[in-house]
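Dear colleague,

I am passing on the structure that we spoke about, and I would be glad if you could look through it alongside the notes in this email.

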Amino acid sequence: MTIKKFQGKTEAEATARAREEFGDGTVIMNVKEIKPKGFLRSFKSSTYEVTAAIEETEPPYTARTVAPSPTQTSAPMQTSVPMQTPTRMQAPGNINVAIDEPIAIPRPEEVKETFASVENAWTSSLAQEEKEEPKKETVMENSSSNNNLEEKLENLQSLLEKKLAQPAEEQKEELPKDAPIDENLKFVKMIYGILLENEVDEKYVNQIMDEVEKVMKKGASVDYILSSIYQKMILKFGQPQPIKLSEHKPKVVFFIGPTGVGKTTTIAKIASRFKVEKGKKVALFTADTYRIAAAEQLRTYANILDTPLNIVYSPKELNEELTKAQEEEFDLVLVDTAGFSHKNEEQRDETRELIDQLSDEFEKEVYLVLSATTKYRDLLEIADMYKENFQFKMLFTKLDETSCYGNILNMKLYTGADLSYTTYGQNVPEDIEIFNTQNIVKLLLGGK
């Protein structure tokens, strides 16, 4: 008999993993709910551990399941879960769990005792929390707490500047030895809720909170906790990377992305900034031969800016026109590409060929243009397709059309790509700026 443990976010997921590896003859021997630990356990999700067995020498058993404990929540069984068979599995909450080591079969009385002890401990914990924190006074509904947060965010920049200017020893001395942990926990819970409301992926919120938990254990003040969260989020966004001209002219910049995200208007804004404000020679190219309106729109902008527009139909034509631009000493060439669905393989291949076959004598960059209003699930699919085919930086449009900015952080952490610009309207060239990390973080934390 082979016995292994499997983990998942739900009992159904863990069970499905077991069936995926063992097949129809899987025997579920035990189901265990693993409660989160630490200061933030009250708003972290539990994980489930299933002990499964398979008899190798006997005919397959009919699969059966053990009734879950009263504290578990039933979930519909999944018929298939994609899974590899690594030697170790990374479980939610950064818990490393060995899944390939044989274990002893637990006796029924041991299982019963384990469930009873867990239930008693959890019930006592809930009772204590309810006693200390009445439900009707939840932090998220407390307007004074939200107002206090906004006030703190307004003064956060100066607070951070002062703290960063001080030696590390002085910063440590400022921390009170006996800070009110309950008050701090309420504050962190409020931040947690605000980030989720801003549609930051829960796994990224938990990453931030896990790091903050270390600060809380040292008895930090609310201001210090807030500044710590602020700094960690700033670091996660990284330094924005806008277009930088090179000594070898011209710098060639491609703009790729789905249909309707605003690539053409964004190109006009960037062209205007470089030509009008910086006095650089800029040329516009378009490879979007699928939509006549796209070329005409870009031509209108080119006429206003008094800059040339070239329509290219192939990589060969692109290289030929770039050679002419090089002879005329243009500083920057902005290339508009056809917007297409991430499921359209033909147009994807054409765009990839156009970029890949650019002559090595030209320095190039690729910017993936995404809309801040696109659903997270769609953004993930788009990112998966483009990551396989292009190396890019990200540019987000339509920030004026949304009140949730979590997807910007989600995509930064998911792709690892640098951020560059954001746009927030149709006005050319006004409604564009280099990605303002501090402002976005304040908005994500509930500021204005």
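Below are some remarks on confidence, followed by what I found around one asparagine and the pair of helices beside it.

Please keep in mind that this is a predicted model, in which the protein averages a pLDDT of 74 and 67% of the residues score at least 70. Over residues 57-119 the pLDDT falls below 50, although this stretch has 88 contacts in the model beyond near neighbours in sequence. The pLDDT is likewise below 50 over residues 129-143, a stretch with 16 contacts counted beyond near neighbours in sequence.

The residue I would point you to is Asn410, which lies in helix 14, spanning residues 406-415. With a relative accessible area of 0%, Asn410 counts as buried, and its side chain reaches the backbone oxygen of Glu199 at 2.9 Å. Leaving aside residues up to four places away in sequence, Asn410 touches Glu199, Val200, Asp201, Tyr204 and Tyr376.

Helix 13, made up of residues 376-389, has an axis that comes within 11 Å of the axis of helix 14, and the two cross at roughly 30°. Because angles under 35 degrees count as roughly parallel, helix 13 is described as roughly parallel to helix 14. The crossing of these two helices is right-handed. Where they meet, helix 13 contributes Tyr376, Leu379, Leu380, Ala383, Asp384 and Lys387, while helix 14 contributes Asn407, Asn410, Met411, Tyr414 and Thr415. Asn410 is thus among the residues of helix 14 that meet helix 13, and Tyr376 is one of the residues that Asn410 touches.

With best wishes

Notes. Residues are numbered from 1 along each chain as its sequence is written. This is a predicted model: local features need pLDDT of at least 70, side-chain atom pairs count only at pLDDT 80 or more; totals for chains, interfaces and linings use all residues. Side-chain values use heavy atoms; hydrogens and water are left out. pLDDT is the predictor's confidence in each residue, from 0 to 100. Contact means heavy atoms within 4.5 Å. Helices (H or I, at least four residues) and strands (E, at least two) are DSSP runs, numbered from the N terminus. Buried means under 20% relative accessible area, exposed over 50%, partly exposed in between (1.4 Å probe, protein chains only). A polar contact is a pair of N or O atoms within 3.5 Å; within protein, one must be able to donate a hydrogen and the other to accept it, and residues adjacent in sequence count only if both atoms are side-chain atoms. Axes are lines fitted to C-alpha atoms, for helices over the stretch in contact, and angles run from 0 to 180 degrees between N-to-C directions. Angles under 35 degrees count as roughly parallel, over 145 as roughly antiparallel, 65 to 115 as roughly perpendicular and the rest as oblique. A crossing is left-handed if the near helix is turned anticlockwise from the far one by less than a right angle, and right-handed if clockwise.
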